[in-house]
Each structure stands twice: as C-alpha cells, then as structure tokens.
Amino acid sequence: MRCPLRATSERRVLCVFPAYTPSFGTFSHAYRLMGRVRAFMPPQGLLLIAAYLPAAWPVRFIDENVARAKAADFAWADVVMISGMHIQAPQIRDIAARAKAAGKITVLGGASVSGSPELYPDFDYLHIGEIGDGTDRLIACLDDSVAPPAAQRRFETDERLPLCDFPLPAYDLIRLDRYLIGSLQFSSGCPYRCEFCDIPALYGRQPRLKTPEQITAELDAMLAQPSHPPVVYFVDDNFIGNRKATREMLPHLIAWQRKHGYPLQFACEATLNLAKQSEILALMREAQFLTVFVGIETPDAEALKAMRKEHNAALPMMQAIGTLNSYGLEVTAGIILGLDNDTADSEARLKEFIDLSQIPILTINLLQALPRTPLWDRLQRAGRLIADDAGLESNVRFLRPYDEVVAMWQRCIAYAYDPEHLYARFDHQVDATYVNRMIGPVRGKLTINNLRSALVLAFNVAFRVGLLADYRGPFWRAARHALRRGQIDAVFGMGFVGYHLIEFSREALRGGHNASFYSTRQREDAPAPAREALPPQRKSA
Ligand code: SF4
C-alpha cells in the first residue's frame with residue numbers, strides 16, 4: 001500500500017542511496033568481469049520508501065554505487081531523501097552537503113540514523129525507525145511545506161507498518177541489470193539476542209512477515225525487466241527467524257520457479273541451526289538456494305557463549321556445515337576477531353577452522369561495537385569504547401594489544417585468501433556441495449541477455465584469471481575438476497569470486513581497507529576505485 005495521506009501538493013523527491021565502502025562480501029572487483037554490473041544489490045529500504053510516497057509525487061532514484069547524483073538531479077528536486085547504515089556515514093553527510101549547496105531540504109532515514117540520530121545534526125528532518133506512523137507524519141509535513149524548518153525535526157515510528165502491507169519496492173525506478181544480485185525481503189527481526197547485534201533492538205525479536213503472494217509479486221516485477229541478476233538474496237536478518245513461516249512460504253517459491261522455468265537462484269542469511277531443519281533444507285534445495293551466509297563468528301564455544309550465540313553450537317559445527325553442504329548450500333561465514341575470549345591460540349584455531357570447514361568465502365572482521373547493542377552498553381560501562389575519529393581500526397578497546405589483534409587479522413586474511421588455499425576450498429566444494437544441487441530446467445534462464453552476460457563473464461574470467469593472473473595455476477586445477485563433473489557454473493563462480501577475494505585481500509594487506517568493515521574510518525591510502533565502491537553492513541544471522 002501507499003501512504004494513506006491525500007497529498008495536496010506536488011513534491012519532487014530525489015532518493016539518493018550512498019556508496020558503500022568496499023568489503024570481502026560484495027565482490028566489487030568482480031564487476032569489471034561483468035558487462036553491466038556496477039553495484040552489489042538494490043537498496044531495499046529506500047526503494048520501499050520511494051514506493052510508499054504519494055502517487056502524485058514524482059520520484060527520482062539514484063544509487064551512488066551505480067552512478068553519482070548530478071547537479072541537475074539536485075536542482076530538479078524539492079526534497080532529497082537519503083538512507084544508509086553506519087558504515088556509510090561519511091557518504092551520507094557528503095550527499096547532504098551537496099543537497100544543501102543546491103538549496104534543498106534533506107531527510108535522513110535508515111539503520112544508522114535510527115540507531116544514532118545524534119550523529120546527524122545537519123539534516124532538516126530525521127526519520128527514525130521503520131516505515132510506519134512516523135513516515136506518515138513526515139510525508140504530511142512535507143506536503144504542507146518544503147521550506148527549511150527553523151530547527152531539525154524528528155519523526156519516529158511508534159507503530160510499524162505490517163510487512164504484509166508493504167508496497168512492492170520501486171524496482172521500476174532502477175535498472176536491475178546494474179546489480180550483481182537482486183534483493184528481496186520476506187521477514188524482519190530475529191528472535192536471538194547476540195551481544196554485538198543491533199537487529200533485535202532495531203527490528204524486534206518477533207519476526208514480522210510478508211505474504212508468499214507479495215514475494216512472488218516481487219519476483220514477477222524483477223522478471224518483467226529486460227534483464228535481471230541471476231541470483232536473488234533474501235536480506236532477512238535470519239531466514240529461519242520464524243521457521244513455520246519459512247516452511248510455508250518455500251512451496252510458493254518452488255511453484256513460482258516451476259511456472260517460470262527456474263529463471264532464478266537464491267541466497268540468504270540464517271543461523272547455523274538451520275542444519276537441524278531438514279524439511280526446510282529440502283525445500284530450499286528444490287527452490288534452488290545456492291548459498292547461505294552464516295554468522296559463525298568464532299569456532300570457540302566459550303566465546304560463543306559469552307556473546308550469547310550458543311545456538312551456533314546446537315550441533316557440532318563441522319557436522320552442521322557438512323549438512324548444509326549436503327543440500328547443495330555453500331556456506332559463507334562471518335568471523336569476528338578481537339573478542340574478549342581471544343587468546344594466543346585463536347589464530348591457529350581459526351586457520352584450523354578454515355581448513356576443516358573448507359568454506360571458500362569468509363568475511364573476517366575486527367569486533368566493532370554498534371549503538372543499541374548489549375555490547376555497546378557493556379563496553380561503555382567498562383570505559384572500553386573508542387571514538388570513531390581516533391583513527392583506529394575499531395571502536396573497541398581490545399583486551400589483547402591492539403597491534404597484535406590487527407596483525408592477527410592480517411595473517412588470517414592472508415591465509416584464507418592465499419590462492420592455493422582458496423582454490424583448494426573451491427575444489428572441495430565441487431564434490432561436497434555443488435554436486436548436491438538440484439539441476440533444474442534451463443528454460444527460464446535461456447534469454448539473449450543471459451547468454452550475452454555469460455559470454456562476457458566467460459571471456460573475462462578466461463582472460464584475466466585464466467591467462468593473466470599469477471594464480472592461474474590453482475584456478476585451472478579447481479576449474480578442471482569442476483569441468484570434469486560438468487559444473488560449468490561453478491567455474492564462472494570460482495573465477496569471479498576468487499578474483500575479487502584475492503585482489504581485495506591483497507589491497508587490504510597493503511593497508512587499503514579497514515580491518516573492521518563496520519568502522520566508519522576513512523582511509524586516505526585506499527585506492528580510489530575502492531573508496532568509491534561498496535559493501536553492505538553485514539548483519540550476520
Ligand atoms: S547476529 Fe544473527 S542470530 Fe544474532 S541477533 Fe543478530 S541476526 Fe539474530
């Protein structure tokens with residue numbers, strides 16, 4: 001549904017989504033291997049707001065991960081709306097400054113301002129919380145006037161709009177083929193209370209849900225575009241936050257896939273105890289889920305207990321990962337270093353975990369305290385929070401010496417993304433995971449645009465990785481193994497994913513990226529293309 005307000009004025013709204021800072025998890029280096037791709041995934045939140053605005057208000061949507069907003073865009077607008085996460089704070093302020101220079105009023109919503117409104121004193125209006133009654137009051141205010149207010153005004157949502165009333169995100173305002181993967185939201189919220197995570201405070205512990213019909217309508221809208229990404233990511237905080245709802249939704253997804261000839265594949269993030277849900281796993285396999293991001297955080301059971309993430313230990317970790325693999329799901333792992341429980345042995349244990357789990361993609365981060373988390377409160381009480389502008393890799397005063405923690409991070413990413421190690425893990429996935437995927441009909445994927453994209457990717461992987469890269473040896477060993485088993489898709493995947501991970505880790509080891517991707521520290525020494533690129537703040541289920 002749209003906002004219930006009957007607008008009496010026409011307001012031209014420019015929605016601008018800030019660029020991300022690069023990370024392991026968004027594959028920014030891989031875009032150069034793909035024809036049209038410029039960004040990771042469409043920003044769901046701002047697309048939702050764009051769709052909710054009164055129908056009479058013209059909306060222009062710019063994702064600065066794809067292209068920068070121009071002076072003409074600001075000149076066109078009456079109002080500039082921005083949304084973003086903490087990691088995007090510098091870019092958020094930069095867009096606001098450009099809007100102000102053009103004489104426009106500014107509105108900020110999204111996760112960062114909802115957690116820390118005090119960080120944004122220069123905006124005219126703040127939208128705090130999710131879409132709901134606060135949004136309606138904000139829209140009524142803008143309908144009334146677009147003159148700058150005498151002082152900043154805040155609109156906070158007390159009553160959230162139920163997800164089943166969410167409008168279809170405004171996909172019609174963007175080109176989906178600019179994105180590596182599509183995005184889709186089924187639920188919001190997570191029942192757990194991990195110490196470092198702001199999801200329960202921001203979105204609640206009782207997951208709220210869309211209907212299966214909303215999900216298939218959104219997929220229809222994606223399919224209606226001339227070209228769309230081949231994989232759609234469920235951005236839910238925890239895909240199995242409400243297991244019954246997930247179990248009931250998946251058959252609708254499977255029916256949609258069958259009806260359209262399996263045009264898409266899916267990914268999501270979920271807690272590791274997904275491994276105990278054999279019925280859901282079988283349905284996910286049938287719906288063609290390929291990967292699941294799991295916030296593993298640490299292989300140390302005591303540390304999991306301390307961060308209130310015992311649910312990761314519901315099954316022995318390797319057994320759980322093996323179970324997910326047996327349903328064709330490749331696991332992507334979030335790992336945190338700098339925990340209070342870390343010891344001199346933690347590095348060796350993480351490397352052992354990488355070897356045993358054979359997980360190819362690991363986002364290894366230093367602990368960062370986010371506002372509105374139990375971790376933030378605990379560290380604040382202990383005097384262990386460091387100002388963001390202190391120029392350090394994290395805002396946490398670690399128990400172990402800072403330099404040792406950062407050096408451990410460097411050695412761990414060097415180990416994980418050493419080409420021989422990385423492609424050996426891909427090689428393992430060929431037999432342990434990819435072979436277990438259901439082979440669906442290719443009818444839905446056989447489009448001219450898909451064939452063109454596949455040819456561009458095949459050429460670039462063969463040329464840049466298979467011919468020019470100094471790691472072409474390990475790449476071809478894994479690729480030959482996959483080809484012998486008829487897994488051509490896997491060769492493309494390990495080609496572009498490996499390319500990004502290796503190139504990114506080399507940049508990071510030269511000092512080009514923060515050790516905590518949640519940190520808003522600006523790196524003057526980052527290579528220019530990286531500073532302009534992206535990654536989402538991984539919430540980690
Ligand atoms: S880290 Fe994951 S499991 Fe824990 S509260 Fe956050 S979303 Fe839920």
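**Figure 1. Helix 8 crosses helix 9 in a left-handed sense.** The model shown is predicted. Helix 8 comprises residues 243-260 and helix 9 comprises residues 278-287. The two helices pack at an angle of about 20°, and their axes lie 9 Å apart. Helix 8 is therefore roughly parallel to helix 9, because an angle under 35 degrees falls in that class.

**Figure 2. Residues in the contact of helix 8 with helix 9.** On the side of helix 8, the contacting residues are R243, T246, R247, L250, P251, L253, I254, Q257 and R258. Their counterparts in helix 9 are E279, I280, L283, M284, E286 and A287. Sorted by class, this contact holds 8 nonpolar, 2 polar and 5 charged residues. Among the nonpolar residues are L250, P251, L253 and I254 in helix 8, together with I280, L283 and M284 in helix 9. The charged residues include R243, R247 and R258 in helix 8, and E279 and E286 in helix 9.

**Figure 3. Backbone at Q288, in the loop between helix 9 and strand 12.** Strand 12 covers residues 289-297. Q288 has a phi near 75°, which is a positive value in a residue other than glycine. Is Q288 buried or exposed? With a relative accessible area of 5%, Q288 is buried, because the cut-off for burial is under 20%.

**Figure 4. Backbone at F27, in the loop between strand 1 and helix 1.** Strand 1 spans 13-17 and helix 1 spans 44-52. F27 is not a glycine, yet its phi is positive, at about 65°. The relative accessibility of F27 is 11%, so this residue counts as buried.

**Figure 5. The chain that surrounds these sites, with 19 helices and 14 strands.** The radius of gyration of the chain is 23 Å, close to the 24 Å that the globule rule gives for 541 residues, so the chain is as compact as a globular protein of that length. The C-alpha trace spans about 65 × 60 × 45 Å along its principal axes. Of the 541 residues, 59% count as buried; F27 and Q288 are buried residues shown in the preceding views. Considering contacts between residues at least 6 apart in sequence, 79% join residues at least 24 apart.

Note on methods: Residues are numbered from 1 along each chain as its sequence is written. This is a predicted model: local features need pLDDT of at least 70, side-chain atom pairs count only at pLDDT 80 or more; totals for chains, interfaces and linings use all residues. Side-chain values use heavy atoms; hydrogens and water are left out. Axes are lines fitted to C-alpha atoms, for helices over the stretch in contact, and angles run from 0 to 180 degrees between N-to-C directions. Helices (H or I, at least four residues) and strands (E, at least two) are DSSP runs, numbered from the N terminus. Angles under 35 degrees count as roughly parallel, over 145 as roughly antiparallel, 65 to 115 as roughly perpendicular and the rest as oblique. A crossing is left-handed if the near helix is turned anticlockwise from the far one by less than a right angle, and right-handed if clockwise. Contact means heavy atoms within 4.5 Å. The radius of gyration is taken over C-alpha atoms; the globule rule is 2.2 Å times the number of residues to the power 0.38. Buried means under 20% relative accessible area, exposed over 50%, partly exposed in between (1.4 Å probe, protein chains only).
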